[in-house]
Amino acid sequence: MSKYLEGKIALVTGATRGLGKGIAVGLGEAGATVYITGRTLESNDNSGSLLETQSAVNAAGGNCIAIPVDHSDDEQVRLLFERIQNEQGKLDILVNNVFSGVQAIADASGKGFWESEPNFWDACNNVGLRSHYVASIFAARMMTQHQQGLICTISSWGGLSYIFGVPYTVGKTACDRLAADMAIELKPHNIASLSIWPGIVGTENIIRLAAQMRENEATNPQNSVFTEGYNWETPLLTGRVIAALAADSNVMRRTGKVQIVAELAQYYGLVDRNGDRPVSLRSLRFLIPFALPGFRKYSWSIPNINVPWSLLLLSVVRSPKV
């Protein structure tokens, strides 16, 4: 694979497993030097660790530097960026991915927000939304010195429609707004700020969460989209898409906007790990077979046409359960 990001310095937060790991590998296979953070340096229970991700990134052709960081501690985050500045003198790419709310989401599955404790909000939005803001501050201080950079904030379709509970969807909507508003202030400095929406990504946590949701599907049908395994992506696809964005000389035309991984993969001609190219969750090729499962074996014959945002928003307003 072409090393078109050789010489670029990237930071992926929350990269011990799952989406963060896939993003780090995608940037590494494009030749970037990738710093990764997480709380677990090494693990003995196969739950994922920074050293495992580091090995995967290096095997893909990158140069990976693993740094244990607790993103709930602002001082640890400040020292992280200070180290990158001292070692590299610059930062080209920040991927805001760290998130600590997966277990809390699983625990709250099937409950109304009033049936969970108030700290459900903190679990979703402290090491998550707030961490993205803090990391972006330190990244922007470095990037503005060189008048260039890319900040990708990982969000989700939860920014558009209810899923996983009130704190999650409000947090993801705020992530989209964070990316959009940072873009306004960063645009004069030639720094792009994007909100990235993967599709349904088959991470270790999502597979486990989907299994639990399957048990609650009768009482919580709005989450059924995550229990099928239909049109799932691997974490690597998001990494490959972010690598392509980082190499795109016209990326500033996208700044401030939501970017859908499957749609960018089609635009840049990228495929997933298995050679497939999942379609966008707003594509007729996904929506029709999802609504009518009998059509799934004929999905190849359905046009890959995306439903306009205006119609998608109208359907969400009328029926918030997807």
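**Burial, cores and ring pairs in a predicted model**

Reader: What is the accessible surface of the chain, and what share of it belongs to carbon and sulfur atoms?
Author: The model is predicted. The accessible surface of the chain comes to about 14,500 Å². The share that belongs to carbon and sulfur atoms is 53%.

Reader: What percentage of the residues in the chain is buried?
Author: Buried means under 20% relative accessible area. The chain has 322 residues, arranged with eleven helices and seven strands. Buried residues make up 52%.

Reader: Which helix gives the largest share of the largest nonpolar core?
Author: The largest nonpolar core has 39 residues, and Val12, Leu27 and Ile36 have the most contacts inside it. Its largest share, seven residues, comes from residues 235-247. That element is helix H8.

Reader: How many residues are in the second, separate core?
Author: This core includes Leu80, Ala135, Phe138 and Ile151. Its residue count is 24.

Reader: Is Arg240 buried or exposed, and which residue has its backbone oxygen 2.9 Å from a polar atom of the Arg240 side chain?
Author: Arg240 is in helix H8. With a relative accessibility of 15%, Arg240 counts as buried. Leaving aside neighbours within four places in sequence, its contacts include Tyr4, Glu29 and Asp272. The backbone oxygen 2.9 Å from a polar atom of its side chain is that of Val271.

Reader: How far apart are the end C-alpha atoms of helix H6, set against the span its 21 residues should have?
Author: Helix H6 covers residues 166-186. The expected span is 1.5 Å times one less than the number of residues. For the 21 residues of H6 this should be 30 Å, and the end C-alpha atoms agree, being apart by 30 Å.

Reader: Which strands are included in what covers the buried residues of H6?
Author: The buried residues of H6 include Tyr168, Cys175, Leu178 and Met182. Among the elements that cover the buried residues are helices H4 (102-108) and H5 (119-146). The strands included are S5 (149-154), S6 (191-197) and S7 (258-260).

Reader: How many residues apart in sequence are the parts that the pair of Phe99 and Tyr168 ties together?
Author: The structure holds six aromatic pairs. Phe99 and Tyr168 form an edge-to-face pair, with 6.2 Å centre to centre and 80° between the planes. Phe99 lies in the loop between strand S4 (93-96) and H4, and Tyr168 lies in helix H6, so the parts tied together are apart in sequence by 69 residues.

Reader: Which of Phe99 and Tyr168 is buried?
Author: Phe99, at 26% relative accessibility, counts as partly exposed. The relative accessible area of the other ring residue is 10%, so the buried one is Tyr168.

Methods: Residues are numbered from 1 along each chain as its sequence is written. This is a predicted model: local features need pLDDT of at least 70, side-chain atom pairs count only at pLDDT 80 or more; totals for chains, interfaces and linings use all residues. Side-chain values use heavy atoms; hydrogens and water are left out. A nonpolar core is a set of buried Ala, Val, Leu, Ile, Met, Phe, Trp, Tyr and Cys residues joined through side-chain atoms within 4.5 Å. Buried means under 20% relative accessible area, exposed over 50%, partly exposed in between (1.4 Å probe, protein chains only). Helices (H or I, at least four residues) and strands (E, at least two) are DSSP runs, numbered from the N terminus. Accessible areas come from the Shrake-Rupley method with a 1.4 Å probe; for residues, only the protein chains shown count as cover. Contact means heavy atoms within 4.5 Å. A polar contact is a pair of N or O atoms within 3.5 Å; within protein, one must be able to donate a hydrogen and the other to accept it, and residues adjacent in sequence count only if both atoms are side-chain atoms. Rings of Phe, Tyr and Trp (its six-membered ring) pair if their centres lie within 6.5 Å; planes under 30 degrees apart count as stacked, over 60 as edge-to-face and the rest as tilted.
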